[in-house]
Amino acid sequence: MKIIHTISELQSELSVLKTQGKKVGLVPTMGALHEGHASLVKRCVKENDVAVVSVFVNPTQFNDKNDLLKYPRTPEADYKLLEANGCSIVFAPSVEEMYPEPDTRQFNFAPLDSVMEGAFRPGHFNGVAQIVSKLFDAVKPHRAYFGEKDFQQLAIIREMVKQLQFNIEIIGCPIVREEDGLALSSRNARLSAEEREIALKISQTLFKSRTFAADHSVSETIHFVENEIAAEKGLRLEYFKIVDGDTLQDLKDWADTDYAVGCITVFCGEVRLIDNIKYKGI
Ligand SMILES: Nc1ncnc2c1ncn2[C@@H]1O[C@H](COP(=O)(O)OP(=O)(O)OP(=O)(O)O)[C@@H](O)[C@H]1O
Ligand SMILES: CC(C)(CO)[C@@H](O)C(=O)[O-]
Ligand code: BAL
């Protein structure tokens, strides 16, 4: 496994492999890697000749300075996990390498980016699009892998690929959970033991809501989730929405779509956690 820090070195390495006809897959990450990331890497390794994993905490997608400062960074452990999972190239650039000058590009993904994470983290998806488009330009992969845990991000990346006409297949990968159900997240590392217990209520509520939804309306299901989360003192709900999985717009009636997804963001202490569940569709 090679660890590369500059775009020029990355491109000279990849151009040799591409002229040999090798298919290149990319997994963009912000490091502090866990089994959720590993599932993306494994799939990338299986489906491509060369698996590139980027590890870069992208400052332009953080609207909260504290969140950026406290974002976990574990490069040595990350490299071990990547090597063990068959990654060929780690791309770990500096901020200066990715942003030699400020990126002033403004994307418009409306209406996908005006709801949920887009509404609560202003500028977040613009920053994600800036870095992911730079990574796509640098690597020019045949395929790129993203987790469904960041459900809205996946929809926005697909839209970005259309708008910027990237010839890249975007592959969404299912959420990997702890045995007890908590969605794996780098931010889980910031939870105290007590908060970790409390955080479990998030996924448990989503699972229960799927049973509840079978014989209740969309709005009743939303209230069910809101009440369950409110009942847990250590949690503060930022939002819970049931949306059409393609348009991300609020769903009024289950019959209005074949693809219904519930997306939640909850603060557990100071740590902001996201999760989602599919009520209808694959
Ligand atoms: N539990 C998971 N299951 C599947 N994919 C995941 C999971 N957690 C993260 N990913 C995916 O890994 C990629 C990199 O995510 P990122 O590095 O932000 O990690 P993260 O755990 O989502 O961190 P955080 O949510 O704390 O920012 C994204 O495409 C993300 O959706
Ligand atoms: C896609 C990504 C690596 C861009 O920084 C980030 O948003 C993430 O980890 O999901
Ligand atoms: N996993 C999404 C990256 C972020 O929270 O900024």
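**Sheet, helices and ligand shell**

Helix H8, which spans residues 151–163, lies across strands E5 and E6 and runs at about 175 degrees to E6. The model described here is a predicted one. A further helix, H7 (residues 124–139), lies across E2, E5 and strand E3 (50–55), and its direction makes an angle of about 150 degrees with that of E2.

The strands over which these helices lie belong to an open sheet of six strands, in which the order is E1-E4-E3-E2-E5-E6 and the pairing is parallel. Strand E1 (2–4) and strand E6 (169–173) stand at the edges of the sheet, and because each has a single partner strand, one side of each is left without a neighbour. From one strand to the next, the twist averages 25 degrees. Within the sheet, strand E2, made up of residues 24–29, pairs with E5 in the parallel sense over two bridges, and here glycine 25 is found opposite arginine 143 of E5.

Strand E5 also takes part in the surroundings of ligand 1, a shell of 18 residues of which Gly36, Gly147, Leu184, Ser186 and Arg187 are the closest. The elements that contribute two or more residues to this shell are helix H2 (35–47) and strand E5 (143–147), and the greatest contribution comes from H2, which gives four residues. When the shell around ligand 1 is divided by class, eight of its residues are nonpolar, seven are polar and three are charged.

Terms used:
Residues are numbered from 1 along each chain as its sequence is written. Chains are lettered from A and ligands numbered from 1 in the order in which they are written. This is a predicted model: local features need pLDDT of at least 70, side-chain atom pairs count only at pLDDT 80 or more; totals for chains, interfaces and linings use all residues. A residue is near a molecule or strand if its C-beta atom, placed from the backbone, lies within 6 Å of it. Ala, Val, Leu, Ile, Met, Phe, Trp, Tyr, Cys and Pro count as nonpolar, Asp, Glu, Lys and Arg as charged, and the others, Gly among them, as polar. Two strands pair if DSSP finds at least two bridges between them. Axes are lines fitted to C-alpha atoms, for helices over the stretch in contact, and angles run from 0 to 180 degrees between N-to-C directions. Two residues are in contact if their C-beta atoms, placed from the backbone, lie within 7 Å.
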